[in-house]
Number of protein chains: 2
Amino acid sequence: MLDEKDKSALHDFLLREGLKFSAQRLKVLEVVRRGARHLTAGEIYKHTQAKYPGIGYATIYRTLRLLCQAGLCVELKCEDGVCRYEYAGGAVHHDHLICTKCGRIVEVVDPEIERLQERLFKVNGFLPQRHRMELYGICNRCKK
Amino acid sequence: MLDEKDKSALHDFLLREGLKFSAQRLKVLEVVRRGARHLTAGEIYKHTQAKYPGIGYATIYRTLRLLCQAGLCVELKCEDGVCRYEYAGGAVHHDHLICTKCGRIVEVVDPEIERLQERLFKVNGFLPQRHRMELYGICNRCKK
DNA sequence: TGATATCTTGATAATGATTCTCAAGTTCAA
DNA sequence: TTGAACTTGAGAATCATTATCAAGATATCA
C-alpha cells in the first residue's frame with residue numbers, strides 16, 4: 001500500500017517530464033517506500049518480484065534512477081562499490097555513520113554541518129546541488 | 001624521483017607487515033606522489049608504464065590498495081563509479097567540491113566541519129576512522 | 001471509442017572497472 | 001647461497017550496471 005501523496009508525487013513528476021505511468025514504477029516506489037533502509041538494487045529486485053513477478057533488472061535500475069530524479073529516492077554509494085537506495089519523499093536530508101566492522105549504518109543529521117557546507121559552496125563559487133557525507137568508524141557493539 | 005621520506009615510509013610499512021619491497025611498488029608510489037591529483041587507476045597504469053614498462057593492471061590495483069593501507073594514498077569514490085587516488089603522505093586531510101557539469105574538483109578544508117564530525121562519531125558511540133565528504137554543485141565557470 | 005505516436009518493458013548481451021588465478025620471478029633472512 | 005614466502009604479469013573471471021531492441025502499454029486527439 002502506498003500513500004496517495006507518494007503516488008501523486010510520482011504522477012506529477014511523470015506528467016511534468018512527459019513520461020508515462022506504469023504499474024512497475026508504482027511497485028518499485030512501494031518497495032523503496034516500505035522496505036528497509038539502504039536496500040541494494042538486487043534486494044529491491046527480489047522484493048519487487050514478490051509484488052510484480054516477471055519484472056526485469058533493467059526496469060529496477062531505470063526506475064530507481066527515475067525516482068532519484070523525482071526526488072523520491074536517494075542513492076547512496078557504498079564502500080563495497082554497490083549502490084544502496086532509500087526513500088526520500090519529504091524526508092529530511094541525512095548523512096551516514098557506517099561501522100567498518102559489521103556494516104551497521106546509522107543515520108545522522110547535523111544542521112550546523114549543513115550550514116557550513118553551504119558556506120563552502122558559496123565561498124568557492126559553486127551552485128549547491130547535493131552532497132554526500134559518510135563517516136566511517138567502529139560502532140560501540142564492535143568496539144570491545 | 002621520490003623523497004627519501006616517502007621511500008622509507010613505504011619501507012617501514014612493508015617491514016611492519018612482513019611484506020617485501022619491489023621496484024613496482026616504488027614506481028607506483030612515485031606516480032601517485034608526483035602525478036596530478038585525482039588520478040584513476042587507468043591513468044596511474046599508463047603513467048607507470050612509462051617508468052616501468054610491462055607492469056600489469058593487477059599490480060597497479062594491488063599496490064594502490066597497499067598504499068592506502070600504508071596511509072600514503074587516499075581513495076576517492078567518484079560519482080561515475082570510478083575510483084580516483086591521490087597522494088596523502090603527511091598531507092592535511094581535505095574534502096572535495098565537485099562540479100557536476102565539467103567534473104572539476106576543488107579541494108576544500110573546513111576545520112569547523114571536521115570538529116563537528118568528530119562530535120557526531122562520539123555522540124553515536126563510534127570510534128572514528130575516516131570520512132568522506134563530497135559536495136556536488138555547478139562551478140562558477142559552468143554557471144552561466 | 002479507436003488509432004496512433006510515444007514511452008516502457010523484459011530478456012539478454014555488452015560494458016567496464018576491479019579482482020582472482022596461477023605459474024614464473026624476486027626478495028631477504030639465515 | 002638457499003629456500004620459504006611474497007610478488008608479479010597475463011589473462012580469465014566477477015559483478016554491478018547499461019545498452020539494445022522487439023513486443024507491449026499508455027495517453028492523446030480526433
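A:Tyr136 has B:Arg130 as its bridge partner in β6(B). This pairing belongs to a junction between two chains of a predicted model: strand β6 of chain A (residues 127-138) and strand β6 of chain B (residues 127-138) run antiparallel and are joined by eleven bridges. In general, the strands of a sheet pair through backbone hydrogen bonds, in either a parallel or an antiparallel arrangement.

Within chain B, the strand β6(B) has a further partner. Strand β4 of chain B, residues 95-99, runs parallel to β6(B), and four bridges join the two. One position in this pairing is B:Cys99, which stands opposite B:Gly137 in β6(B). The strand β6(B) is thus described by two pairings, an antiparallel one with β6 of chain A and a parallel one with β4 of chain B.

Chain A may now be considered as a whole. Its secondary structure comprises six helices and six strands. Along the sequence these elements follow the pattern α-α-β-α-α-β-β-β-β-α-β-α. The C-alpha trace of chain A spans about 45 × 40 × 25 Å along its principal axes.

Another part of chain A is an open sheet of three strands, in which the order is β1-β3-β2 and the pairing is antiparallel. The edges of this sheet are formed by β1 (39-40) and β2 (73-77) of chain A; each has a single partner strand, and therefore one side of each is left without a neighbour in the sheet. Two bridges connect β1(A) with strand β3 of chain A, residues 83-87, in the antiparallel sense. Here A:Thr40 stands opposite A:Arg84 in β3(A). Helix α2 of chain A, residues 23-34, packs on the sheet and touches β1, β2 and β3 of chain A. The direction of this helix makes about 85° with that of β3(A).

Several values describe chain A beyond its individual elements. Of its 144 residues, 44% are buried. Among contacts between residues at least 6 apart in sequence, 49% join residues at least 24 apart. The accessible surface of chain A amounts to about 7800 Å², and carbon and sulfur atoms account for 53% of that surface. Finally, chain A carries 25 positive and 18 negative charges, and the mean positions of these two sets are 3 Å apart.

Definitions and conventions: Residues are numbered from 1 along each chain as its sequence is written. Chains are lettered from A and ligands numbered from 1 in the order in which they are written. This is a predicted model: local features need pLDDT of at least 70, side-chain atom pairs count only at pLDDT 80 or more; totals for chains, interfaces and linings use all residues. Side-chain values use heavy atoms; hydrogens and water are left out. Two strands pair if DSSP finds at least two bridges between them. Contact means heavy atoms within 4.5 Å. Axes are lines fitted to C-alpha atoms, for helices over the stretch in contact, and angles run from 0 to 180 degrees between N-to-C directions. Buried means under 20% relative accessible area, exposed over 50%, partly exposed in between (1.4 Å probe, protein chains only). Accessible areas come from the Shrake-Rupley method with a 1.4 Å probe; for residues, only the protein chains shown count as cover. Lys and Arg count as positive and Asp and Glu as negative; His and the chain ends are not counted. The place of a charge is taken as NZ of Lys, CZ of Arg, CG of Asp or CD of Glu.
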